[in-house]
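Thanks for coming, everyone. Please bring the model up on your screens, and we will walk through it together.

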Amino acid sequence: MSSLLKLSVAVLVSGVAIGAYAQQKLVPAQSEIVFVSKQMGVSVEGRFKKFDAQLNFDPAKLDTSKVNFTVDMASATLGVPETDAELPKPTWFNLGKFPQATFVSSSIKALGGGKFDVAGKLNIKGQVRDVVVPVSMVQTGPSTVATGVLPIKRLAFKIGENEWADTSMVADDVQVKFKFSLTGVGKL
């Protein structure tokens, strides 16, 4: 096979892969990321209003599938202006230095029945941790909804430092709940 033909085949295969990758989309208006923690024993719920995903998910080819998420940390809200004003500060999210949180998958394992374990690296506030995200997926027509809950320890990511490291005031345990509406995902 000539070098030119090999190059043409490589470009064509890359183009097909990129085209499939570009067809999978997150539908932000139908998606959400909520975080739940306890402050002085009372559940407090917040949310991130801006996030995005890059998907290359093929249920038939999990070994080559990838899922990457980016969260705009400035979009976090607890719904209380005084509390929201504290979130950007270095003690909490330190937005001046860490404006985004990211998740980059390293492997995806099928568990059956539309359930998957997505392993990868979660990076919040410059702290990178290996996590396994349990995901349930349901398809209705061209839409796929992926849901799950990822428990994290806020102190492992240096969220709420110094005087806020006291877990009797703000619990260390945080539940990150998500619902992602996706298009372009192949049949589960």
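Of the 188 residues in the protein, 36% are buried. Keep in mind that this is a predicted model.

Now the overall layout. The protein has two helices and 11 strands. Going along the sequence, you read α-β-β-β-β-β-β-α-β-β-β-β-β. How do the contacts spread along the chain? Take the contacts between residues at least 6 apart in sequence: 57% of them join residues at least 24 apart.

Here is one pair to look at. Asp-58 and Lys-187 are 129 residues apart along the chain. Their C-alpha atoms are separated by 8.4 Å. Asp-58 sits in the loop between strand S4, residues 51-56, and S5. Asp-58 is partly exposed, at 29% relative accessibility.

On to the pocket. The largest pocket has a volume of about 940 Å³. How many residues line the largest pocket? The count is 43. Nearest its centre lie Ile-33, Phe-35, Phe-48, Ile-152 and Val-176. Several elements give two or more residues to this lining. Among them are S2, strand S5 (66-72), helix H2 (81-86) and strand S7 (100-112). S8, S9, S10 and S11 belong to that group too. Which element gives the largest share of the lining? S11 does, with five residues.

And what kinds of residues line the largest pocket? The split is 36 nonpolar, five polar and two charged.

Next, salt bridges. The count comes to six. I will take three of them.

Start with Glu-32 and Arg-47. Their side chains meet in a salt bridge, 3.3 Å from N to O. Glu-32 lies in strand S2, residues 32-39, and Arg-47 in strand S3, residues 42-48, so this pair ties together parts that are 15 residues apart in sequence. Are these two side chains' residues buried or exposed? Glu-32 is partly exposed, with a relative accessible area of 34%. Arg-47 is also partly exposed, at 31%.

The second is Glu-86 with Lys-89. Here the closest N and O atoms are 3.0 Å apart. Glu-86 is partly exposed, with a relative accessible area of 35%. Lys-89 is partly exposed as well, at 39%.

The third joins Lys-125 and Glu-161. The distance is 2.7 Å, N to O. Where do the two partners lie? Lys-125 is in the loop between strand S8 (115-124) and strand S9 (127-140). Glu-161 is in the loop between strand S10 (143-153) and strand S11 (173-183). So the pair ties together parts that are 36 residues apart in sequence. Lys-125 counts as buried, because its relative accessibility is 7% and the cut-off for buried is under 20%. Glu-161, at 28%, counts as partly exposed.

There is a network, too. Glu-32, Glu-45 and Arg-47 are joined into one by salt bridges that share partners.

Let me stay with the loop between S10 and S11. Two residues there deserve a look. Lys-158 is found in this loop. Lys-158 is not a glycine, although its phi is positive, at about 60 degrees. Lys-158 is partly exposed, at 40% relative accessibility. Asn-162 has its place in the loop between S10 and S11 as well. Its phi is positive too, about 55 degrees, and Asn-162 is not a glycine either. Is Asn-162 buried or exposed? At 60% relative accessibility, Asn-162 counts as exposed.

Last stop: Thr-144. Find Thr-144 in strand S10. Its relative accessibility is 0%, so Thr-144 counts as buried. What does the side chain of Thr-144 make a polar contact with? The partner is the side chain of Gln-139, at 3.2 Å. Now leave out residues up to four places away in sequence. Thr-144 then touches Met-137, Val-138, Gln-139, Phe-180, Ser-181, Leu-182 and Val-185.

To recap the stops. We saw two helices and 11 strands. We saw a largest pocket lined by 43 residues, 36 of them nonpolar. We saw a count of six salt bridges. And we ended on Thr-144, buried in strand S10. That is my tour, and the floor is open.

Key:
Residues numbered from 1 in each chain as written. Predicted model: local features only at pLDDT ≥ 70, side-chain atom pairs only at ≥ 80, totals over all residues. Heavy atoms only, no water. Salt bridge = Lys/Arg side-chain N within 4 Å of Asp/Glu carboxyl O. Helix = DSSP H or I, 4+ residues; strand = E, 2+ residues; numbered from the N terminus. Buried < 20%, exposed > 50% of the residue type's maximum accessible area, 1.4 Å probe, protein only. Polar contact = N/O pair within 3.5 Å; in protein donor to acceptor, adjacent residues only side chain to side chain. Contact = heavy atoms within 4.5 Å. 1 Å grid on protein atoms, 1.4 Å probe; cavity = no way out; pocket = protein on both sides within 12 Å on 5 of 7 lines; lining within 4 Å. Points joined across faces, edges and corners; volume = space filled by probe spheres on them. Nonpolar A, V, L, I, M, F, W, Y, C, P; charged D, E, K, R; others polar.
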